[in-house]
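Q: Hi! Could you walk me through this one with me? I'd like to start with what the terms mean.

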Amino acid sequence: MSLQIGIIMGSDSDLPTMKDAIAVCEEFGIECEVAIVSAHRTPERMVEYAQTAHQRGIKVIIAGAGGAAHLPGMVASLTPLPVIGVPVSTRNLQGVDSLYSIVQMPAGIPVATVAIGNAKNAGLLAIQILATHQPELLQKVQEYRQSLCDMVMDKQSKLEALGYKQYLQQMF
């Protein structure tokens, strides 16, 4: 399958968070490009990346950033593609600063945003966006969702069989 998702981050220190988005792409068989693109330290690189991503076949960009977290919004202002922001947790403010930065985009420049540190959901959202035009991928998304349902129902069956006290003991 051709390159479809761009996963970018402001620093290599964001990679431990962003690896979950990469893993989702791998799980669904979707090729992604991964790059460090700093809004503040490499602004020209950011502009070039954002303006040319669609020409390379990218359909969705996932942008992770911590602190001031300008990367997702700046990239969104420069590309016609959907951008999903991942607020990366920070030491001092636990990612709340990043979340606020990403979700407070002005009207006309949307950035989809997931929970702090939840790059897995960003990857899943990107896959679902692609699946709107790829029936095989849509089938994989439906199978994934069914596996989540099955997992919960298996836990429910176990809870019913054991009772809550024994179930709790087995959890820890």
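A: Happy to! Buried means under 20% relative accessible area, exposed means over 50%, and partly exposed is in between. Keep in mind that this is a predicted model.

Q: Thanks. So is Cys32 buried or exposed?
A: Cys32 has a relative accessible area of 19%, which is under 20%, so Cys32 counts as buried.

Q: And Cys149, with its 38%?
A: Cys149 falls between the two cut-offs, so this residue is partly exposed.

Q: How many disulfides does a search of the whole structure find?
A: Zero. Cys32 is in no disulfide, and the nearest cysteine sulfur, that of Cys25, is 4.3 Å away. A disulfide needs the two sulfur atoms within 2.5 Å, so this pair does not qualify.

Q: Switching topic: how many residues are in the largest nonpolar core?
A: It has 26 residues, and Ile5, Ile7, Phe28, Ile30, Ile62 and Ile127 have the most contacts inside it. At least two residues each come from β1, α1, β3, β4, α5 and α6.

Q: Which of those supplies the largest share?
A: That's α5, with seven residues of this core. Another core lies apart from it, with 21 residues, including Val37, Tyr49, Ile61 and Val83.

Q: Nice. What about the largest pocket, how much space lies in there?
A: About 350 Å³. The largest pocket is lined by 22 residues, and Asp14, Ala65, Gly66, Gly67 and Thr90 are the closest to its centre.

Q: And how does that lining divide by residue type?
A: The lining of the largest pocket has 11 polar, seven nonpolar and four charged residues.

Note on methods:
Residues are numbered from 1 along each chain as its sequence is written. This is a predicted model: local features need pLDDT of at least 70, side-chain atom pairs count only at pLDDT 80 or more; totals for chains, interfaces and linings use all residues. Side-chain values use heavy atoms; hydrogens and water are left out. On a 1 Å grid over the protein atoms alone, a cavity is a set of points where a 1.4 Å probe fits but cannot get out, and a pocket is an open set with protein on both sides within 12 Å along at least five of seven lines; lining residues have an atom within 4 Å of a point. Grid points are joined across faces, edges and corners, and a volume is the space filled by probe spheres set on the points. Ala, Val, Leu, Ile, Met, Phe, Trp, Tyr, Cys and Pro count as nonpolar, Asp, Glu, Lys and Arg as charged, and the others, Gly among them, as polar. A nonpolar core is a set of buried Ala, Val, Leu, Ile, Met, Phe, Trp, Tyr and Cys residues joined through side-chain atoms within 4.5 Å. Buried means under 20% relative accessible area, exposed over 50%, partly exposed in between (1.4 Å probe, protein chains only). Helices (H or I, at least four residues) and strands (E, at least two) are DSSP runs, numbered from the N terminus.
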